[in-house]
Amino acid sequence: MPRDTRRNEKSQPRVEPNARSTRRDLLKAGGLLVAAGAGAGIAQSAFAQSSPTSPPPLATEVSPRYFPRDSFVPEISLGGKVAVITGASRGIGLATGRALQAQGVTVIGTSRLPAYYSGHPFPLLTLDVADPASVDAFASQLVAMLDGRSIDILINNAGRLVVGTAIPIAPQLAPLFESQAQLAMETLHVGHVRVTNRLLPLMSQSDYSRLLFTASVAGTLTGGSDLSEANGISFLSTYNSGKRALLAYANSLGMFLKVSGSPIQVSTVNPMFIRTTLADRLNPIFLEPVDTEGNSQNPYLQAFLDAMRAITAAALPASFVAETYAQLLQMNAPLPNVVTGSTLEPYASQCGSALIESVWLAENAQAPAPLGPAGAGPLE
Ligand SMILES: NC(=O)c1ccc[n+]([C@@H]2O[C@H](COP(=O)([O-])OP(=O)(O)OC[C@H]3O[C@@H](n4cnc5c(N)ncnc54)[C@H](OP(=O)(O)O)[C@@H]3O)[C@@H](O)[C@H]2O)c1
């Protein structure tokens, strides 16, 4: 394990949101204000227009299940197992493939354009999760490549960022907005259901069989609090929706398989900010027009894009997520849902944990069923 990944000891001091933290402190902690300001001078941006008056309710503490763990003791050897990882041409999928290969796993990855990635460390099959015909063709190719072997590990990792205002910026742009939103849900949710449906029959029925999903902390945010607004989370409304749908699917499927007596154990990995190409150029799905470099004439969206790109360029390496996967896969009883992040500096700033923990608390205050300390009674 690389040295810089050792930071999630349970006994280590937590970086807690502080009751006296100002919004500026919180934004700084996540890097968004700094990055956005540097990128576009957006003091008056959409996500800086509101001035939240109420601090997040801190009577409730948030305790994310941060991974990778520092004091991890493997319980299972992965040598000889077969893993399929979707979206493994770069970023988190590539890092995870490499990490599993290092453990003796046979890895098969996917890309929409495998030919582009010549010299890849493991084979890539063609797959576009948003295209049913592509998923069918991929499943057939995979059967041929497996040559009678089962899949021990399936990681549904493929995905794209989705960005744009929560409503079309002009009435004539509604069709573009809606078709892009549909593509987003295909890419983030339905596509993974489709891949899982095709591959479940190919999965091992032995004691060891694992199905995992790269969800996101975005799927745990709704974007409705003052702090969410201040951080531009409303530009991610469709991304958050897609990841939330994926989280619900994965958890429901995991429970269904469990009560059905299936050996397949399901987990989701929910990364904070990770250094990949997720927000670069035309990689995101845009809900409003952008130029060929993936830049927008909407100054508020452009400021948000600048911020996201600056944050992901300086965020935790993808190896943190890879190590999270490696640890879960080496546990006899993997947790159903974990966050890739850290409580400790400099990692807390790099992955935005102080910021995101604060938004969780702020959103909790307006949630349909807020969680609070026992005996405190209903929140107002
Ligand atoms: N980076 C972060 O901060 C972060 C945080 C939380 C969650 N995530 C999630 O992590 C996953 C991996 O993203 P990343 O950060 O590693 O970004 P990335 O570097 O852009 O990689 C995205 C991967 O997904 C594949 N992909 C994209 N659209 C696809 C489609 N329609 N069908 C099949 N494959 C597709 C890409 O392959 P090709 O382009 O070769 O097809 C690529 O391998 C995503 O689900 C993302 O939402 C990332």
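**Figure 1. Polar contacts of the ligand with G87, S89 and R112 in the predicted model.** A backbone N or O atom of G87 is placed 3.1 Å from an oxygen atom of the ligand. The side chain of S89 contributes a polar atom that lies 2.7 Å from a ligand oxygen atom. At R112, a polar backbone atom is 2.7 Å from an oxygen atom of the ligand. The ligand taken alone exposes 880 Å², and the protein buries 97% of that area.

**Figure 2. The shell of residues around the ligand.** The ligand is surrounded by 29 residues, of which S89, S111, R112, Y239 and T276 are the closest. By class, the shell comprises 13 nonpolar, 11 polar and five charged residues.

**Figure 3. Helices α4 and α8 beside the ligand.** The elements that give two or more residues to the shell around the ligand are α4, spanning 91–102, and α8, spanning 237–259.

**Figure 4. The second largest pocket and the residues at its centre.** This pocket has a volume of about 830 Å³. Its lining consists of 25 residues; V62, T220, R244, W360 and L371 are the closest to the pocket centre. The lining divides into 13 nonpolar, eight polar and four charged residues.

**Figure 5. Secondary-structure elements lining the second largest pocket.** At least two lining residues come from each of α8, β12 (337–340) and α12 (353–364). Helix α12 gives the most to this lining, with four residues. Helix α8 thus appears in both settings: α8 supplies residues to the lining of the second largest pocket and to the shell around the ligand.

Conventions. Residues are numbered from 1 along each chain as its sequence is written. This is a predicted model: local features need pLDDT of at least 70, side-chain atom pairs count only at pLDDT 80 or more; totals for chains, interfaces and linings use all residues. Side-chain values use heavy atoms; hydrogens and water are left out. A residue is near a molecule or strand if one of its heavy atoms lies within 4 Å of it. A polar contact is a pair of N or O atoms within 3.5 Å; within protein, one must be able to donate a hydrogen and the other to accept it, and residues adjacent in sequence count only if both atoms are side-chain atoms. Accessible areas come from the Shrake-Rupley method with a 1.4 Å probe; for residues, only the protein chains shown count as cover. Ala, Val, Leu, Ile, Met, Phe, Trp, Tyr, Cys and Pro count as nonpolar, Asp, Glu, Lys and Arg as charged, and the others, Gly among them, as polar. On a 1 Å grid over the protein atoms alone, a cavity is a set of points where a 1.4 Å probe fits but cannot get out, and a pocket is an open set with protein on both sides within 12 Å along at least five of seven lines; lining residues have an atom within 4 Å of a point. Grid points are joined across faces, edges and corners, and a volume is the space filled by probe spheres set on the points.
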